[in-house]
Amino acid sequence: MISQPVVQPLPAVAQADAAQVEAAVDQTDAADPAPRSAASLAALVDAQPQHELSRELTCLAGAIYFESKSEPLEGQLAVGRVIVARTKSGRYPTSYCGVVYQPSQFSFIRGNGMPGINKGSQDWHEAVALAQIADAGSWQSPVEGALSFHAASVSPGWRMKRVARVGNHVFYR
């Protein structure tokens with residue numbers, strides 16, 4: 001039986017008491033309007049500003065949306081963190097769009113484009129918030145360092161170290 005990992009906030013948040021966490025959710029600065037911490041991933045998602053995204057964050061949000069919109073928030077964040085990790089690995093393109101549009105990596109990419117997105121949907125708003133969180137590294141995921149994932153319903157036989165299963169995806173380093 002595969003147990004699902006418990007997603008924990010970053011250590012600074014884990015050590016704060018409830019009153020400190022509540023206060024931290026409200027803290028922002030003028031240069032970075034995103035909250036610095038929250039009591040839960042859902043609270044952090046809800047607190048993210050919804051504004052026009054850069055092309056790079058749109059690519060990251062699109063990948064989260066198409067790969068994992070039916071997953072729990074932790075699973076969606078895990079997908080985003082894999083894309084962020086790939087850009088820093090030296091083995092993949094250094095931009096989110098480069099990773100997402102790299103040939104044969106994501107099945108939702110068709111002819112160098114993404115399908116249409118209902119940008120008024122709750123799924124899109126969550127994907128945008130999770131892209132911002134993944135990009136900023138403001139919530140720790142149990143898949144930190146993972147560079148690959150697949151649906152749990154398939155067994156590709158990869159010879160990589162399994163990191164975790166989150167929702168319906170299995171993540172590898």
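Biologist: In S3, which residue is the bridge partner of Arg165?

Modeller: This is a predicted model. S2 covers residues 162–166 and pairs with S3 in the antiparallel sense. Within that pairing, the bridge partner of Arg165 in S3 is Val170.

Biologist: And which residue stands opposite Val170 in S3?

Modeller: S1, residues 148–151, also pairs with S3, over four antiparallel bridges. The residue opposite Val170 is His150.

Biologist: What is the order of the strands in the open sheet?

Modeller: S3 pairs with S1 and with S2. The edge strands, S1 and S2, each pair on one side only. Neighbouring strands are turned by 20° against each other on average, direction ignored. The three strands form an open, antiparallel sheet in the order S1-S3-S2.

Biologist: Which residue in the turn of the S2 and S3 hairpin has a positive phi?

Modeller: Val166 in S2 has His169 as its bridge partner in S3. Two residues lie between the strands. The one with a positive phi, about 60°, is Gly167.

Biologist: Which residues of S3 point the other way from His169 and Phe171?

Modeller: In a regular strand the side chains alternate between the two faces of the sheet. S3 runs over residues 169–172, and His169 and Phe171 point one way. These four residues are all buried. Pointing the other way are Val170 and Tyr172.

Biologist: What angle does the direction of H5 make with that of S3?

Modeller: H5 spans residues 73–89. The helix packs on the sheet and touches S1, S2 and S3. Its direction makes an angle with that of S3 of about 30°.

Biologist: Is Ala78 buried or exposed?

Modeller: Ala78 sits in H5. Leaving out residues up to four places away in sequence, Ala78 touches Ser141, Val143 and Phe171. Its C-alpha is 9.7 Å from that of Arg165, although 87 residues separate the two in sequence. Because its relative accessibility is 0%, Ala78 counts as buried.

Biologist: Which helix gives the largest share of the lining of the second largest pocket?

Modeller: The pocket holds about 160 Å³ of space. Its lining includes Gln50, His51, Trp124, His125 and Val128. Three lining residues come from one helix, residues 122–136, and that helix is H7.

Biologist: How many residues of that lining are charged?

Modeller: Glu52 and Lys119 are among the lining residues. The lining divides into three nonpolar and four polar residues, and the charged ones number two.

Key:
Residues are numbered from 1 along each chain as its sequence is written. This is a predicted model: local features need pLDDT of at least 70, side-chain atom pairs count only at pLDDT 80 or more; totals for chains, interfaces and linings use all residues. Side-chain values use heavy atoms; hydrogens and water are left out. Buried means under 20% relative accessible area, exposed over 50%, partly exposed in between (1.4 Å probe, protein chains only). Contact means heavy atoms within 4.5 Å. On a 1 Å grid over the protein atoms alone, a cavity is a set of points where a 1.4 Å probe fits but cannot get out, and a pocket is an open set with protein on both sides within 12 Å along at least five of seven lines; lining residues have an atom within 4 Å of a point. Grid points are joined across faces, edges and corners, and a volume is the space filled by probe spheres set on the points. Ala, Val, Leu, Ile, Met, Phe, Trp, Tyr, Cys and Pro count as nonpolar, Asp, Glu, Lys and Arg as charged, and the others, Gly among them, as polar. Two strands pair if DSSP finds at least two bridges between them. Axes are lines fitted to C-alpha atoms, for helices over the stretch in contact, and angles run from 0 to 180 degrees between N-to-C directions.
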